[in-house]
Amino acid sequence: MKKLLIPALAALIAGCASKVPEAAFGAAPLEGPPPLTVVFADSSANSPDTWLWDFGDGDTSSIQNPTHVYDSTGSYDVTLIVANSFGADTLTRASYITVGELGYEKVEASGITLEWRVDGTNLDIRLFAPTRGWVAVGFDPTTSMKDANFIIGYVQGSDVFISDQYGNSNFSHEPDADAQGSNNITSKQGQETGTGTRISFTIPLDSGDPRDRALVAGQTYKVLLAYGPDNADEFTTKHATKTSVNIKI
Ligand code: HEM
């Protein structure tokens, strides 16, 4: 009886605590723009008492639940080595953390491509249309073109012209700066390609300008899209093509 009990007890004890650990972990967030602060959480089994993390960017830590900041864009493998007096175990999660620039959302309508992303309190826009004339976007009209926050641009040689305007009637627009408003566009860029015109710019979500529509991240808005004929390197010729989309900002 005694002979049987002792090995059975030993096996039971071994089954509980006397085991090599099994490495397991999670982290949050798994992706985002740099600098990305990631909190790692150990969930290894069998009571490890040492931890060695390799974050994949040259840094390591021996804390059980470390926080690590990734400064550079890239995809990172994360390795955790856990150990106790019975042995060690290693888990590598390949390409576990992705550090990248903020992605753009995209919609295409009538040959026009609109891309946008919210960056803090700003809205970054990229607009492409198949014309060598003007291209434009108009946020949140009340009726037809009225009250929309228009941004209209064209490219002439190496010069980029982008104007902050608003819909002053159902069928017309004028520069914000002509009325009580002002120009609120930053970081203007543009180029004419073989297939059309591309402009990119940044506007505040809420400029405070009475001639701009205040936009709230997460809300859905009607957005007007249009472009002028090939020779319309100015802001006044009527559209060759117009359309509208609803987008969630
Ligand atoms: C440059 C001077 C412009 C003139 C003279 C003009 C004129 C008009 C007119 C007369 C209409 C009524 C429908 C039609 O006749 O086609 C209209 C509608 C429209 N316009 Fe313009 N427009 C101009 C600029 C723009 C710009 C810059 C945009 C930029 C996105 C735009 C987008 C639209 C859209 C989407 C509609 C349809 C609106 C709706 O019915 O919901 N327009 N425009």
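# Exercises on a Predicted Model

Leucine 127 counts as buried, because its relative accessibility is 1%. The structure is a predicted model, and the exercises below start from this residue.

## Exercise 1. Leucine 127 and its sheet

Task: Determine which strand holds leucine 127, and describe the sheet around that strand.

Solution.

Step 1. Leucine 127 is placed in strand S11. Burial requires a relative accessible area under 20%, and leucine 127 satisfies this criterion at 1%, so the residue is classed as buried.

Step 2. Strand S11 (residues 122-129) pairs with strand S10 (residues 112-119) in the antiparallel sense, over seven bridges. Within this pairing, leucine 127 in S11 is the bridge partner of leucine 114.

Step 3. The surrounding sheet is open and contains five strands in the order S9-S10-S11-S17-S16, paired antiparallel. Its edge strands are strand S9 (105-109) and strand S16 (186-193), each of which pairs on one side only. On average, and with direction ignored, neighbouring strands of this sheet are turned by 15 degrees against each other.

Step 4. For a distance check, take leucine 127 and alanine 148: they are 21 residues apart in sequence, and their C-alpha atoms are 17 Å apart in space.

## Exercise 2. The iron site

Task: State which residues coordinate the iron atom of the ligand, and establish why the arrangement of donor atoms is octahedral.

Solution.

Step 1. Met145, through SD, and His239, through NE2, coordinate the iron atom of the ligand at 2.0 to 2.1 Å.

Step 2. The two residues come from distant parts of the chain, 94 residues apart: methionine 145 lies in the loop between strand S12 (135-139) and strand S13 (149-156), and histidine 239 in the loop between strand S18 (220-227) and strand S19 (241-248).

Step 3. Six donors count as octahedral if opposite donors are over 155 degrees apart and all others between 65 and 115. The six donor atoms around the iron subtend angles of 84 to 178 degrees, and the arrangement is therefore octahedral.

Step 4. Methionine 145 counts as buried because its relative accessibility is 14%.

Step 5. The loop between S12 and S13 also holds aspartate 147. Its phi is near 70 degrees, a positive value in a residue other than glycine. With a relative accessible area of 26%, aspartate 147 is partly exposed.

## Exercise 3. Pocket and cavity

Task: Identify which residues lie nearest the centre of the largest pocket, and state how many cavities of 30 Å³ or more a search of the whole structure finds.

Solution.

Step 1. The largest pocket holds about 460 Å³ of space. Its lining comprises 27 residues, and nearest the centre lie Met145, Phe150, Phe171, His173 and His239. Among these are the two residues that coordinate the iron, Met145 and His239.

Step 2. Two or more lining residues are given by each of S12, S13, strand S15 (172-175), S18 and S19.

Step 3. One cavity of 30 Å³ or more is found in the whole structure. The largest cavity has a volume of about 50 Å³, and its lining includes Asn149, Asp164, Ile203 and Arg213.

## Exercise 4. The three-stranded sheet and its cis peptide bonds

Task: Give the strand order of the open sheet of three strands, and locate proline 29 and proline 35.

Solution.

Step 1. The order is S1-S3-S6, with antiparallel pairing. Strand S1 (25-28) and strand S6 (67-70) are the edges; each has a single partner strand, so one side of each has no neighbour in the sheet. Neighbouring strands here are turned by 30 degrees against each other on average, direction ignored.

Step 2. S1 and strand S3 (residues 36-42) are paired over four bridges, with glycine 26 opposite alanine 41 in S3. Four bridges likewise join S3 to S6, where tyrosine 70 is the bridge partner of leucine 36.

Step 3. The covered face of S3 consists of Leu36, Val38, Phe40 and Asp42, whereas Thr37, Val39 and Ala41 form the uncovered face.

Step 4. Proline 29 lies in the loop between S1 and strand S2 (31-32), and a cis peptide bond with omega of about -5 degrees joins it to alanine 28. Proline 35 lies in the loop between S2 and S3; the bond from proline 34 to proline 35 is also cis, with omega near -10 degrees. Most peptide bonds are trans.

Technical notes
Residues are numbered from 1 along each chain as its sequence is written. This is a predicted model: local features need pLDDT of at least 70, side-chain atom pairs count only at pLDDT 80 or more; totals for chains, interfaces and linings use all residues. Side-chain values use heavy atoms; hydrogens and water are left out. Donors are N, O and S atoms within 2.8 Å of the metal (3.2 Å for Na, K and Ca); water is not among the atoms, so sites may look incomplete. Four donors count as tetrahedral if all angles lie between 85 and 135 degrees; four count as square planar and six as octahedral if opposite donors are over 155 degrees apart and all others between 65 and 115; anything else is irregular. Buried means under 20% relative accessible area, exposed over 50%, partly exposed in between (1.4 Å probe, protein chains only). Two strands pair if DSSP finds at least two bridges between them. Axes are lines fitted to C-alpha atoms, for helices over the stretch in contact, and angles run from 0 to 180 degrees between N-to-C directions. On a 1 Å grid over the protein atoms alone, a cavity is a set of points where a 1.4 Å probe fits but cannot get out, and a pocket is an open set with protein on both sides within 12 Å along at least five of seven lines; lining residues have an atom within 4 Å of a point. Grid points are joined across faces, edges and corners, and a volume is the space filled by probe spheres set on the points.
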